[in-house]
Amino acid sequence: MLDRRRFLKAATTLSATLPFLPSLANASVEASKSNLGLVKNGSVITAAHWGILKLTLKNGVVVKSEPWRKLTNMDNPLWYQTPDMIYKSRVRFPYVRKSYLENPDKPKPELRGKDEFIRVSYEKAIELIAKELAKTRKQKGTQGVFAGSYGWKSSGNMQNSRILLHRFMNVTGGFVGVTGDYSTGASQVIMPYVVGSIEVYEQQTSWENILSESKIVVIWGADPLSTLRISWTANEQKSLEYFERLKKSKIKVIVIDPIRTETAKFLKADWIAPRPNTDVAMMMGMASHLIATKKVNYEFLENYTTGFDKFKAYLEGKEDGVVKSVQWASKICGIEPKVIENLAETFYDNPTMIMSGWAMQRAQHGEQPHWMLVTLCSMLGQIGTKGGGFGLSYHYSGGGVPTCKGGVIGGISAGAVGIWKNGKFQAMPKSTQALSGAEWLQNAASRSFPLARIADALLHPGKTIDHNGEKITYPDIDFIYWVGGNPLVHHQDTNTNVKAWRKPRTVVVNEIYWTPTAKMADIVMPVTSSYERNDITMAGDYSNMHIVPMKQAVAPVDESKDDYEIFADICKVYGKAVYNAFSDNGKKAMDFIKEYYESALKQTRAFGEAFATPMPSFEEFWAKNEPITFEPSMESMEWVRFADFIEDPILNALGTESGLIEIYSKSIAKYKYNDCKAHPTWFEPIEWLGNANENAPFHLLTNHPANRLHSQLCHTSLREKYAVNGREPILINKKDAQKLGIKNGDVVRVFNKRGEVLAGAVLSDDIMQGVVRLCEGGWYDPDENGLCKYGSVNVLTLDLPTSKLANGNIAHTALVNIEKFTKTLPEVTAFSAPKGAI
């Protein structure tokens with residue numbers, strides 16, 4: 001890593017001699033050149049997280065968006081929103097917050113989110129970012145610059161905003177980043193201890209095996225029909241097609257969830273509704289019953305696991321004096337003992353695939369549910385079989401869809417690194433064998449902390465926390481650069497988060513839309529949507545089924561620029577060497593896109609002439625503007641997760657300390673954490689129905705929305721189809737609503753000690769009593785007193801870690817109260833431009 005003395009010398013030179021950008025004077029000319037050849041009337045193929053899309057244009061305007069093709073009878077409303085994604089709620093020009101523009105050294109950060117914005121020229125914005133970034137590094141060092149930027153950046157392997165940001169930060173002096181994510185913060189840390197891999201993002205046993213071999217499919221804490229509308233790259237629809245086949249099969253489906261989900265109703269599944277956050281206790285009751293009825297595969301436990309004896313002693317109460325019996329579990333989870341017993345026996349007696357969602361681990365002590373699930377499945381002895389075991393990503397991006405044999409598109413990297421010497425930046429030479437590692441900037445963050453602790457880190461620099469067996473000290477962050485995400489909506493306990501975001505001196509945001517995060521910035525750079533630039537992607541995160549051209553459909557809106565162009569122009573301020581290091585000596589976006597395609601082309605040619613799906617040249621592919629489709633191999637159709645390990649646990653040992661499935665972890669035992677023991681453990685949550693009271697009687701669930709991707713598409717007209725009185729819908733049990741005098745369509749105030757929001761009541765029998773659901777991702781829209789007028793649920797959630805092990809978020813652990821709102825309804829302004837902006 002760059003040593004501090006040499007870094008300060010370089011930063012001093014930069015802040016004193018930042019040159020003007022002569023190249024930017026011709027930016028509009030270059031933009032017009034790049035737009036030559038756009039389709040004015042006709043169609044263009046592109047892609048988004050929700051699928052491969054066909055866009056129809058008239059007079060250079062996108063007037064229609066639809067799927068390139070349909071594989072299922074299920075409709076996806078997200079397909080049709082492209083016009084709104086281009087033309088609504090746009091950040092059209094560079095803006096700087098008034099107080100910041102007046103004096104960046106004393107910018108009054110307490111006014112962030114309240115101050116008006118001032119439009120500035122693109123050149124002014126670029127120079128200001130470069131100058132203030134250099135100033136921060138001079139004053140605070142690398143640890144003062146935060147560029148974590150977690151979020152669902154747009155599809156496309158070249159225009160990956162987060163990686164481009166990291167690439168930019170690497171060549172200009174380093175940065176502080178984050179580890180983990182909001183989706184799987186607990187499980188991705190615990191699972192390597194248990195099964196030797198991150199597991200939550202791994203390929204699953206092929207759907208073909210499930211449909212042919214399973215007798216029981218359990219969907220535990222997931223709603224795949226909603227979440228499989230989107231993928232991390234682009235959705236290829238195959239997973240939903242498999243769910244249609246599951247519906248037509250003779251397989252019995254059981255859904256375990258406090259909500260009768262759309263998936264449960266579609267599959268006509270048996271619905272079992274435990275209290276939220278009690279899944280671990282319910283599984284332990286099942287485990288105790290299996291032991292009592294001698295329905296445990298001890299041979300499997302002996303050959304493939306370690307530590308079951310210690311866990312069994314815990315179940316028997318030898319550790320804490322509490323016997324984890326069926327009756328004990330029933331009192332906690334609210335499910336009748338006989339139901340728990342029948343489930344356990346059914347799972348043991350039949351080939352059973354348990355498909356778990358991630359919701360159960362987004363809770364306090366979220367490390368425990370999937371650890372306990374693996375333990376239960378080990379007792380059943382079906383892991384590694386064609387029709388049984390468990391899977392943690394069947395609800396995500398098409399897990400279980402067989403992988404196709406074909407070329408795989410690469411993407412932009414963060415690895416452009418360099419060295420500062422004598423106040424000048426030198427791009428890294430091809431060989432660095434003779435250089436010591438300390439001389440070179442790292443191609444990753446110089447320091448990092450768990451993503452879900454962002455607000456805590458901003459508010460408490462210098463604080464030391466336990467994390468995964470280590471001690472982490474928070475850096476003193478004074479400059480935030482955020483791209484491709486909306487943390488003011490995504491992060492828990494919004495009121496605390498707002499205080500945290502008002503602490504640093506500088507916040508820069510590259511953004512397409514006037515999101516709540518953009519409104520909380522000092523400098524806002526207008527970014528193109530993926531429909532205003534060229535890119536390339538895969539469709540099917542696990543299947544790799546298609547290579548998709550993402551052709552630019554329309555000219556950039558007003559002064560919007562690609563993230564790549566913005567960062568390249570900031571690099572020019574720092575000098576030619578920095579620019580060349582970032583841009584790989586002046587490459588344009590299309591140069592990278594062609595490079596990634598041709599690398600995939602080489603892969604397919606390596607398969608030989610017998611390969612069924614040859615790829616054309618890049619020029620032919622781009623001109624034709626159609627996806628390339630690959631077919632699954634026979635091996636992937638028959639693939640079974642953990643089958644190799646089961647066949648030979650010595651030769652194919654897992655990546656755990658013992659090489660086996662670890663029901664007891666010696667490593668975790670050494671940490672001596674009081675909130676994450678060495679085996680699966682029941683911990684009572686800080687807030688749950690077991691300690692609800694009259695001030696907060698309802699358990700709040702913050703599920704993924706069906707009609708957007710987190711906060712993406714919240715600003716589109718699709719909202720008009722699900723919003724109630726202009727607010728986010730909150731699902732309430734009919735009997736609970738009747739007691740409160742709430743009717744369908746009423747606006748209600750949802751509140752607790754952390755905050756308050758307005759939401760529109762939707763009454764249903766599809767949610768258990770005592771539980772309400774307000775989906776995450778609604779845009780934060782505070783009034784002068786902090787009431788969110790639209791219904792952003794994270795105003796109500798807890799910003800506490802899952803445990804010292806993983807420090808994940810606990811968005812599903814929260815109690816709230818509800819009452820009918822009888823005052824005059826305030827106007828929703830979440831989707832309007834802030835004061836001073838057009």
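**Strand pairs and cores**

User: How many bridges join strand S26 to strand S31, and which way do they run?

Analyst: In this predicted model, S26 (residues 698-701) and S31 (residues 815-820) run antiparallel, joined by 2 bridges. One detail to look for is Phe-698, whose bridge partner in S31 is Val-816.

User: Nice. What about strand S28 and S31?

Analyst: S28 (residues 747-752) pairs with S31 in the antiparallel sense, over 4 bridges. Within S31, Glu-819 is the residue opposite Arg-749.

User: Switching spots: in what order do S22, S23 and S24 sit in their sheet?

Analyst: The order is S22-S23-S24, an open sheet of 3 strands with antiparallel pairing. S22 (535-539) and S24 (628-629) are the edge strands, each pairing on one side only. Between S22 and S23 (residues 546-550) there are 5 bridges, and Asp-535 has Met-550 as its bridge partner in S23.

User: Which helix lies across those strands?

Analyst: Helix H24 (residues 589-606) lies across S22, S23 and S24, at about 35° to S22.

User: OK, cores. Which residues have the most contacts inside the largest nonpolar one?

Analyst: Trp-50, Phe-168, Phe-449, Tyr-481, Ile-547 and Ile-570, in a core of 213 residues. Helix H12 (residues 279-292) gives the largest share, 9 residues.

User: And what does Ile-570 touch, leaving out residues up to four places away in sequence?

Analyst: Ile-570 touches Ile-126, Ile-129, Ala-130, Phe-168 and Tyr-481. Two of those names, Phe-168 and Tyr-481, also appear among the residues with the most contacts inside the core.

User: What's in the second core?

Analyst: That separate core has 24 residues, including Ile-210, Leu-246, Val-255 and Met-353.

Methods: Residues are numbered from 1 along each chain as its sequence is written. This is a predicted model: local features need pLDDT of at least 70, side-chain atom pairs count only at pLDDT 80 or more; totals for chains, interfaces and linings use all residues. Side-chain values use heavy atoms; hydrogens and water are left out. Two strands pair if DSSP finds at least two bridges between them. Contact means heavy atoms within 4.5 Å. Axes are lines fitted to C-alpha atoms, for helices over the stretch in contact, and angles run from 0 to 180 degrees between N-to-C directions. A nonpolar core is a set of buried Ala, Val, Leu, Ile, Met, Phe, Trp, Tyr and Cys residues joined through side-chain atoms within 4.5 Å. Buried means under 20% relative accessible area, exposed over 50%, partly exposed in between (1.4 Å probe, protein chains only).
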